[in-house]
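Notebook open, model loaded. I want to look up how the helices pack and what sits around them.

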Amino acid sequence: IFLPSRAVMECIPINWEIPEVSPNQHIWMKSIPREQGPQIAAFLNHCTIPGEDGKPTVAGDASWGNGVLLESPQIYYFPRICNVWTGQALEAAGASINPILSIHRDTLVMEAERNGYAEIWDGSGNKYVPRD
């Protein structure tokens, strides 16, 4: 965690219900305005290395959901860990995130909730609201 290493971005098809394959995860959700789409796409594209065809380079299979791991130009090390990346993704979606608070899971959750994200699955089978 303290020595820089290569990073990948895990991409899972949107048609998976996360609680079905990873029931212990907590899930927060918020509807994002369509106008925010270009910023989100730009952030995600910046997190991948394109191949000669312009599409992200696949590094391997994801651990679940028929997804893939995409090569990333980012480096993984403390303090640039997955929670910080999540905070940056939330910012691309229009949230106002304190980067220092995104290092720890609990404070990242606090930041997400402060920005209108609501927990829809608590990892124990409660609060689940199916997608429309």
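**Helix pair**

I started with the contact in this predicted model: Gln39, Ile40, Phe43 and Leu44 of α2 meet Trp85, Gln88, Ala89 and Ala92 of α3. I sorted the residues of this α2–α3 contact by type and got 6 nonpolar, 2 polar and no charged.

Next I looked up the geometry. Two packed helices are described by the angle between their axes and the distance between the axes. Here α2 (residues 37–46) and α3 (residues 82–92) pack at about 150°, and their axes are 8 Å apart. An angle over 145° counts as roughly antiparallel, so α2 and α3 are roughly antiparallel to each other.

**Burial along α3**

Which residues of α3 are buried? I noted Asn83, Val84, Gly87, Ala89, Leu90 and Ala92. I then checked what covers the buried residues of α3, and the cover includes α2 and α4 (105–114).

After α3 comes Gly94, and I read a positive phi for Gly94, near 105°.

**Cores**

I pulled up the largest nonpolar core and found 7 residues: Leu90, Ala93, Ala95, Ile97, Leu108, Ala112 and Tyr117. There is a second, separate core of 6 residues, with Met9, Phe43, Cys47 and Ala92 among them. Phe43 and Ala92 were already in my notes from the α2–α3 contact.

I also listed the neighbours of Ala93, leaving out residues up to four places away in sequence: Ala93 touches Ile32, Gln36, Ile40 and Tyr117.

**Pro79**

I went to the loop between β4 (68–76) and α3, where Pro79 lies. Buried or exposed, or something in between? Pro79 has a relative accessible area of 39%, and the partly exposed range runs between 20% and 50%, so Pro79 is partly exposed. Setting aside residues up to four places away in sequence, I found Pro79 touching Val84 and Ile103. I also took the C-alpha separation of Pro79 and Gly94: 22 Å, for residues 15 apart along the chain.

**Asp122**

Last stop was the segment after β5 (118–121), where Asp122 is found. I got a relative accessible area of 16% for Asp122; the cut-off for buried is under 20%, so Asp122 is buried.

What does the Asp122 side chain join in a polar contact? I found the side chain of Ser124, at 2.8 Å. Beyond residues up to four places away in sequence, Asp122 touches Gln25 and His26.

Technical notes: Residues are numbered from 1 along each chain as its sequence is written. This is a predicted model: local features need pLDDT of at least 70, side-chain atom pairs count only at pLDDT 80 or more; totals for chains, interfaces and linings use all residues. Side-chain values use heavy atoms; hydrogens and water are left out. Axes are lines fitted to C-alpha atoms, for helices over the stretch in contact, and angles run from 0 to 180 degrees between N-to-C directions. Helices (H or I, at least four residues) and strands (E, at least two) are DSSP runs, numbered from the N terminus. Angles under 35 degrees count as roughly parallel, over 145 as roughly antiparallel, 65 to 115 as roughly perpendicular and the rest as oblique. Contact means heavy atoms within 4.5 Å. Ala, Val, Leu, Ile, Met, Phe, Trp, Tyr, Cys and Pro count as nonpolar, Asp, Glu, Lys and Arg as charged, and the others, Gly among them, as polar. A nonpolar core is a set of buried Ala, Val, Leu, Ile, Met, Phe, Trp, Tyr and Cys residues joined through side-chain atoms within 4.5 Å. Buried means under 20% relative accessible area, exposed over 50%, partly exposed in between (1.4 Å probe, protein chains only). A polar contact is a pair of N or O atoms within 3.5 Å; within protein, one must be able to donate a hydrogen and the other to accept it, and residues adjacent in sequence count only if both atoms are side-chain atoms.
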